[in-house]
Every structure is written in C-alpha cells, then in structure tokens.
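The exercises below concern the structure shown here. Please attempt each task before reading its solution.

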Amino acid sequence: MTEYAVSRNPTSGEILARYPMQSADELEQTLIRSAQGFNQWRATPVKQRLQVLSQLAAQLRQRQDELARMVTLEMGKPIAQARGEVLKCADLCDWYAANGAAMLAPQATQVADQQAWQEFRPLGTILAVMPWNFPFWQVLRGAVSILLAGNAYLLKHAPNVMGCAYLLHDLFAATDIPNGTFEIINVNNDGVSAAINDDRVAAVAVTGSVRAGAAIAAQAGAVLKKTVLELGGADPFIVLADADLDEAVKAAVIGRFQNSGQVCMAAKRFIIEAPVAAEFEARFVAAVQALRIGDPLDEANYIGPMARFDLRDELDGQVQKTLQEGARLVLGGEKLAGEGNYYAPTILADVSENMTAFKEELFGPVAAITVAQDARHALELANNSDFGLSATLWTADTTLADEMAAQLETGAVFINGYGASDPRVTIGGVKKSGYGRELSHYGVHEFCNIQTVWKNRR
C-alpha cells in the first residue's frame with residue numbers, strides 16, 4: 001500500500017494534496033542524482049556558487065507572494081509573517097553571496113621551516129531533516145551555507161509542508177546549480193534510516209524535537225557520521241525590576257506570539273522580578289488581548305491556526321496539566337470552537353519550577369509567568385531547564401546584564417531585545433537544545449573537511 005505525505009490546511013481542515021512517498025528504488029535514484037550533483041558542484045568555482053545564491057535570492061523575491069501563500073495554506077502562518085520569512089531568506093542568500101568567498105579562502109600560516117595552510121573542502125551529500133514551522137527559512141538557513149561549501153543537499157521535509165518542499169526544488173531548478181545538487185526525499189522513518197546508512201550521505205542536519213534528534217544522531221553516530229542538531233527550547237524571558245516595561249512587554253508579545261507561538265528560539269518562560277510582576281502581568285494581558293486571531297490570509301490577523309491538529313491537542317494537554325498542578329489561568333486556556341485548528345492566546349501565572357509549563361517546551365500561543373525574588377533567583381530559574389537555546393534579559397543595569405549573560409546556559413542571549421536570527425551570527429543551543437551551529441562562517445565550516453596542507457619549503 002502506498003504511503004502519502006498529507007498537506008492539510010489548518011484553517012479549514014481541508015486536504016490540499018497527497019504526496020506519494022518514495023519507494024526504495026526511487027530513493028536509490030535520488031541518491032544517485034545527488035552523488036552526481038555533488039561531483040559537479042564540488043568542482044564548481046566558488047565564484048559561480050555565489051552567483052547561484054544571487055540567482056536564488058532573485059527567485060525568492062520574484063515569487064514571494066506565491067511562496068508566502070503556500071506557507072500560509074500549509075501551516076497557517078499569517079500571510080504578512082509568511083512573506084517576511086520569504087524575504088528574509090532572500091536577504092540570507094544575498095549576504096552569503098557577498099561574503100561567502102572569504103569564508104572559503106585558504107588560511108595560511110608558518111610552521112617552523114614549513115609553509116602550512118588550511119583548506120575548506122566539502123564533505124559530500126548532507127541529509128537535512130527539517131520541520132514545518134518555518135518551511136523556507138529553516139531549510140535555507142542551513143542549505144545556503146552547506147551548498148556554499150560545495151556540498152550537495154538532500155532535504156527530508158516535514159510531511160505537512162511538502163508543497164513548500166517542492167517549491168524550494170523549483171527555485172533551485174531555476175538557477176545554474178547542477179542537477180541533483182539540491183534534492184528532496186519524501187520517505188518514512190525507514191527511508192530516513194536507509195539514507196543515513198548509505199555511504200553517499202556524508203553527514204546529517206536536524207531541526208526538530210529532542211526525540212527525533214536523539215534517534216537520528218544515534219543512527220548517524222553508529223556509522224560515524226557527523227550531526228548538527230537544533231532541537232527547540234524553553235527559552236527564559238527575564239524582566240528585572242528596573243527594566244523598561246513598555247519595551248519589555250512589546251518584546252514579550254512578539255517573542256511569544258509570532259508564528260502563533262510555534263518558534264524554537266522564542267520567549268516561553270517569563271521570569272519576572274517580584275516588584276514588577278503584577279504590573280508586567282497586567283500590561284502583558286492587555287497587549288495579548290489586543291492581538292487579532294483569525295484567517296491567516298487576512299493581512300490584519302497576527303495569530304493564525306496551529307499547524308497540526310495533533311499538536312494543538314498536545315498543547316492543550318500541557319496547559320490543563322499545568323492548571324491541575326496549581327497554576328493560575330489568566331487568559332485563554334482552550335481550543336477555539338469551529339473547523340480551524342485555533343488555540344486561544346493563553347497566559348498562565350504562578351507557574352513554579354515543578355510544573356509542566358516550566359519544564360516542557362510549549363510550542364503554541366501559550367506563555368507561562370514565574371515570579372523571581374531577585375536577579376540571582378531569576379538566573380537560577382532560567383538555568384533550571386533541560387534546554388539551552390536562547391534567553392532574553394531586560395534590565396537598565398548593563399553591567400549586571402553582562403554578568404548574567406555570562407552565566408546563562410544558552411546558545412544566545414538577547415539583552416533588552418527579543419529573539420532573532422541573522423546570517424552574520426550563529427544560531428544553536430546547548431543541553432537538550434542540541435549542538436553545532438548554523439549561520440555565519442561557523443555554519444559554513446560545520447560541514448567542511450578542514451584540511452591542513454603542509455609544504456616543506458626546503
């Protein structure tokens with residue numbers, strides 16, 4: 001019986017398309033094309049690779065409305081945010097096109113009486129297992145640097161956004177990249193395992209859940225293949241008593257409720273110093289109540305449906321369990337009636353360290369507020385997590401902010417701002433948020449053979 005990846009509109013529940021999964025023979029043909037593409041691409045001069053990135057950026061801008069609409073239809077992202085995602089991808093391509101050559105330039109040094117230098121060689125075909133919440137950005141923020149380095153890219157996208165996956169394939173097909181260099185596999189878990197174990201796959205990148213990342217890393221490790229993992233987070237958003245509450249609340253709303261709360265590197269645990277806890281809560285509630293929720297194709301709506309119906313059920317279970325554990329419901333806390341997969345914007349207060357909403361990642365429009373006694377206590381609360389993707393800190397004391405940032409166990413810290421990603425700096429986590437880095441020159445070098453060449457001057 002043929003298996004299908006099903007694309008379903010979360011606004012209506014309507015099935016948009018069914019994509020048949022590849023057979024073992026079809027996977028083999030894809031791997032053959034990928035290997036052939038890699039052999040051509042690795043021999044392509046860096047200057048020409050940069051031109052492909054510029055061509056890709058142009059395609060993204062030209063087709064932005066079409067691409068954004070597919071994102072909105074498949075996973076419910078409000079259309080203005082979907083368009084912003086596409087344009088951010090174009091900016092990413094342009095930045096690497098302008099700066100990528102220097103990242104791959106040989107690095108020379110002198111060792112005794114010998115000349116030595118380091119070269120950045122591609123590894124081969126990189127398998128990327130990607131999520132649905134940013135169907136273009138999550139793929140391209142890794143793919144662009146992987147391809148720049150001369151590798152081939154093999155995308156296993158989330159089943160519910162296969163329309164976006166095939167549009168990505170179309171975008172690359174409109175550039176001068178060799179056939180097979182960017183390929184898609186539509187397979188089940190057995191197919192992923194087969195690809196990992198295939199000698200033509202050199203390494204694996206995963207963005208997803210802890211469970212998926214651990215399983216894939218174990219398989220890759222068994223055959224001695226490198227992995228880079230970004231596995232989500234329960235990011236703390238710390239507000240100290242001297243913070244600018246107006247700006248902190250604005251950042252809190254964006255940091256928690258953009259993309260309907262379905263963001264890995266986003267504010268999730270709001271840790272507020274006691275003297276301003278009540279005022280922050282009141283302002284936060286008022287700001288969230290003002291957000292418009294509804295049809296994501298309507299430009300005026302900020303919150304759309306959650307991407308998958310099963311994940312809404314899971315989120316509601318976490319909320320209800322946290323309430324049973326003693327938290328206070330301030331706002332929302334329920335699935336919205338009707339055919340769409342909407343969850344009411346929710347704020348939970350009086351959340352303690354032993355509660356579900358504190359310990360687990362809430363991947364949806366739900367915020368959890370915990371009160372800290374002072375800055376030291378806030379730091380302890382922030383680090384009391386299995387995750388370590390990012391943290392946000394609001395305070396007027398810049399010296400204290402620097403001291404706390406040095407002690408926060410996260411891959412990124414945002415001081416008096418909110419979570420963002422930019423190609424000039426890395427993204428990645430520690431603890432159960434994963435390991436390795438994407439973006440900047442570090443993302444390029446993650447999937448390189450950094451080869452040292454020695455030449456005896458005598």
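## Exercise 1: The second largest pocket

Two helices, α4 (79-103) and α5 (137-148), each supply at least two residues of the lining of the second largest pocket. Helices (H or I, at least four residues) and strands (E, at least two) are DSSP runs, numbered from the N terminus. The model is predicted, and local features need pLDDT of at least 70, side-chain atom pairs count only at pLDDT 80 or more, and totals for chains, interfaces and linings use all residues. Residues are numbered from 1 along each chain as its sequence is written, and side-chain values use heavy atoms, with hydrogens and water left out.

**Task.** State which element gives the most to the lining of the second largest pocket, and describe how the residues of that lining divide.

**Solution.**

Step 1. The term must be fixed. On a 1 Å grid over the protein atoms alone, a pocket is an open set of points where a 1.4 Å probe fits, with protein on both sides within 12 Å along at least five of seven lines; lining residues have an atom within 4 Å of a point.

Step 2. The second largest pocket holds about 450 Å³ of space; a volume is the space filled by probe spheres set on the points, and grid points are joined across faces, edges and corners.

Step 3. Its lining has 22 residues, and Lys-88, Phe-134, Gln-258, Val-263 and Ser-421 lie nearest the centre. Helix α4 gives the most, with four residues.

Step 4. By type, the lining has nine nonpolar, eight polar and five charged residues. Here Ala, Val, Leu, Ile, Met, Phe, Trp, Tyr, Cys and Pro count as nonpolar, Asp, Glu, Lys and Arg as charged, and the others, Gly among them, as polar.

## Exercise 2: The largest pocket

**Task.** Identify the residues closest to the centre of the largest pocket and the element with the largest share of its lining.

**Solution.**

Step 1. The volume of the largest pocket is about 1300 Å³. It is lined by 42 residues, and those closest to its centre are Gly-208, Ser-209, Val-210, Ala-212 and Arg-308.

Step 2. Two or more lining residues come from each of α7 (189-197), β8 (201-207), α8 (210-222) and α11 (309-324). The largest share, six residues, belongs to α8.

Step 3. The lining divides into 21 nonpolar, eleven polar and ten charged residues.

## Exercise 3: Cysteines and the core

**Task.** Explain why Cys-89 forms no bond with the closest cysteine sulfur, and name the residues with the most contacts inside the largest nonpolar core.

**Solution.**

Step 1. A disulfide is a covalent bond between the sulfur atoms of two cysteines. The cut-off used here is a pair of cysteine sulfur atoms within 2.5 Å, and the structure holds zero disulfides.

Step 2. The sulfur closest to that of Cys-89 belongs to Cys-93 and is 6.9 Å away, so the two are too far apart for a bond. For Cys-164, the closest cysteine sulfur is in Cys-89, at 11 Å, again too far.

Step 3. Cys-89 is buried, with a relative accessible area of 0%, and Cys-164 is buried at 0% as well. Buried means under 20% relative accessible area, exposed over 50%, and partly exposed in between (1.4 Å probe, protein chains only).

Step 4. The largest nonpolar core has 99 residues, and Leu-60, Leu-140 and Tyr-153 have the most contacts inside it. Helix α4 gives the most to this core, with ten residues. Such a core is a set of buried Ala, Val, Leu, Ile, Met, Phe, Trp, Tyr and Cys residues joined through side-chain atoms within 4.5 Å.

Step 5. Beyond its neighbours within four places in sequence, Leu-140 is in contact (heavy atoms within 4.5 Å) with Leu-56, Leu-60, Cys-89, Leu-92, Leu-168 and Phe-172.

## Exercise 4: Positive phi

**Task.** Determine where Leu-224 lies and whether Leu-224 is buried or exposed; then do the same for Lys-431.

**Solution.**

Step 1. Most residues other than glycine have a negative phi, and most peptide bonds are trans.

Step 2. Leu-224 has a positive phi, near 55 degrees. Leu-224 lies in the loop between α8 and β9 (226-230) and is exposed, with a relative accessible area of 81%.

Step 3. Lys-431, which is not a glycine, has a positive phi of about 55 degrees. Lys-431 lies in strand β18 (residues 430-431) and counts as partly exposed at 37% relative accessibility.
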